[in-house]
Amino acid sequence: MMNRNIVLCGVGGQGTVLASKMLAAAAMKKGLTVMSAETIGMAQRGGNVFSNVRMGEKIHAPMIGLGEADLIIGFEPGETVRMFPYLKEGGSIVTNINPVMPTTAMLSKSDYTGMEMVKFLKENVPKEKLILIDGQEACCDIGNPKVLNVVLLGAAVRTGMTGLSEEDVLSVFPAIIKEKLIDINKKAFHYAQDI
């Protein structure tokens, strides 16, 4: 397998770090070298969170440089745009289109809707490399507001850009997810099947 560089980004409470741990665990179980790093900042206060996951062979550092990410998995459109400079030419983006209002925007009474971020992505990423997911609708359909991370992870795996199969990722669920939550997370993982 060729090396894969994946950036996951969002805001605190969206499960960004858990999704990166699932990717890393699945890659390690497959026998790949994995390095990862998280920057969580003010995550508990709704601040930005991003993770770098690098997997493959001959990986010597966990951080992904500008223009080196094969894939960005974005949990919030503004955070996806913030990480856009890390995407390499020909890379893919899987992102939630629903915004989380930053505290600064709330305080300044901004009308941030995230649509300007989605518009930017549509204008700067080829259509076949951009997967937009209505995370709010997905969570409503599934019946659990906390499965957005697994919905996006499933969609990202189906792009082929992670280098992992659905079976690879599902095989680590029992080690990472509480037993009583495995079924709903499997439902979330398979949610965007048409991708």
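Once its neighbours within four places in sequence are left aside, Arg54 is in contact with Arg4, Asn5, Thr33, Val34, Met35, Ile59, Ala61, Pro62, Met63 and Ile64. These contacts are read from a predicted model, and a good place to begin is the strand to which the residue belongs, since Arg54 is found in strand S3.

Strand S3 spans residues 48-56 and is mostly covered, with eight of its nine residues buried. On one side of the pairing scheme stands strand S1, residues 4-11, which joins S3 in the antiparallel sense over eight bridges; within this pairing, Gly10 has Val49 of S3 as its bridge partner. Strand S2, residues 33-39, also pairs with S3 in the antiparallel sense, here over seven bridges, and the bridge partner of Thr33 in S3 is Gly56. Thr33 appears again among the contacts of Arg54, as do Arg4 and Asn5, so that the residue can be followed from the strands to its own side chain.

What does the charged side chain of Arg54 have around it, given that the residue is buried? Arg54 has no salt bridge, and the nearest side chain of opposite charge, that of Glu68, is 5.1 Å away, whereas a salt bridge would require a nitrogen-to-oxygen distance within 4 Å. Polar partners are nevertheless present: the side chains of Arg54 and Asn5 are joined by a polar contact of 2.8 Å, and a polar atom of the Arg54 side chain lies 2.6 Å from the backbone oxygen of Ala61.

Terms used:
Residues are numbered from 1 along each chain as its sequence is written. This is a predicted model: local features need pLDDT of at least 70, side-chain atom pairs count only at pLDDT 80 or more; totals for chains, interfaces and linings use all residues. Side-chain values use heavy atoms; hydrogens and water are left out. Buried means under 20% relative accessible area, exposed over 50%, partly exposed in between (1.4 Å probe, protein chains only). Helices (H or I, at least four residues) and strands (E, at least two) are DSSP runs, numbered from the N terminus. Two strands pair if DSSP finds at least two bridges between them. Lys and Arg count as positive and Asp and Glu as negative; His and the chain ends are not counted. A polar contact is a pair of N or O atoms within 3.5 Å; within protein, one must be able to donate a hydrogen and the other to accept it, and residues adjacent in sequence count only if both atoms are side-chain atoms. Contact means heavy atoms within 4.5 Å.
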